[in-house]
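Let's walk through this fold together, strand by strand. Keep the viewer open and turn the model as you read.

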Amino acid sequence: KTVTPSLDDELTTSMLPTDLIIQPNPVGDFALVQILGKEDLKLIEIYNLAGTKMEGILTKVTDRTYRIDGGRLVAGVYLVHTLIGEEMKTIRFVKQN
């Protein structure tokens, strides 16, 4: 059986920044955000879909890795906004119960 991706699948895949990774996704108790490449990270924030900034959720592990404390989030979809170099990048993740 051949599966053809929908337009939504293609848009989602093409919109993912290749230098920003969240693992695992969906998120359980925790996940890691990794910034690849050589550009400097200037900003990293998490927002829910209502636009509320989620405070106290990120912990810096290294200059290029952050830990998301999934235990402090309710189930839902969240956005990680970053400023890498001079470019704003956003990636979505899902928090599961």
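Two strands count as paired if DSSP finds at least two bridges between them. With that in hand, we can look at the sheet, bearing in mind that this is a predicted model. Four strands make up an open sheet, in the order β1-β2-β5-β4, and their pairing is antiparallel. At the edges sit β1 and β4 (58–62), each of which pairs on one side only. From one strand to the next, the twist averages 25 degrees.

Let's start at the β1 edge. Strand β1 covers residues 20–23, and its antiparallel pairing with β2 runs over four bridges. A hairpin of six residues leads from β1 to β2. If you would like to check the register on your screen, find isoleucine 21, whose bridge partner in β2 is glutamine 34. Isoleucine 22, in turn, stands opposite valine 33 of β2.

Now move across to the other neighbour of β2. Strand β5 (residues 65–69) runs antiparallel to β2, and five bridges join the two. Here leucine 32 is the residue to look for, as it stands opposite arginine 67 in β5.

While you are at β2, which of its side chains are buried? Along residues 30–35 the side chains alternate between two faces. Ala31, Val33 and Ile35 point to one face and are buried. Phe30, Leu32 and Gln34 point to the other face and are not buried. So Val33, on the buried face, counts as having under 20% relative accessible area.

Next, let's turn to the aromatic rings. A pair of aromatic rings is described by the distance of the centres and the angle of the planes. The model has one aromatic pair. Tyrosine 78 and phenylalanine 93 form this pair, which is stacked, with 5.5 Å from centre to centre and 20 degrees between the planes. Because tyrosine 78 belongs to strand β6 (residues 76–84) and phenylalanine 93 to strand β7 (residues 87–95), the pair ties together parts that are 15 residues apart in sequence. Both tyrosine 78 and phenylalanine 93 are buried.

Stay with β7 for one last stop, since lysine 89 is also found in this strand. Is lysine 89 buried or exposed? Its relative accessibility is 13%, so lysine 89 counts as buried, the cut-off being under 20%. The side chain of lysine 89 makes a polar contact of 2.7 Å with the side chain of aspartate 19.

Definitions and conventions:
Residues numbered from 1 in each chain as written. Predicted model: local features only at pLDDT ≥ 70, side-chain atom pairs only at ≥ 80, totals over all residues. Heavy atoms only, no water. Buried < 20%, exposed > 50% of the residue type's maximum accessible area, 1.4 Å probe, protein only. Axes fitted to C-alpha atoms, helices over the stretch in contact; angles between N-to-C directions. Phe/Tyr/Trp six-rings, centres within 6.5 Å; stacked < 30°, edge-to-face > 60°. Polar contact = N/O pair within 3.5 Å; in protein donor to acceptor, adjacent residues only side chain to side chain.
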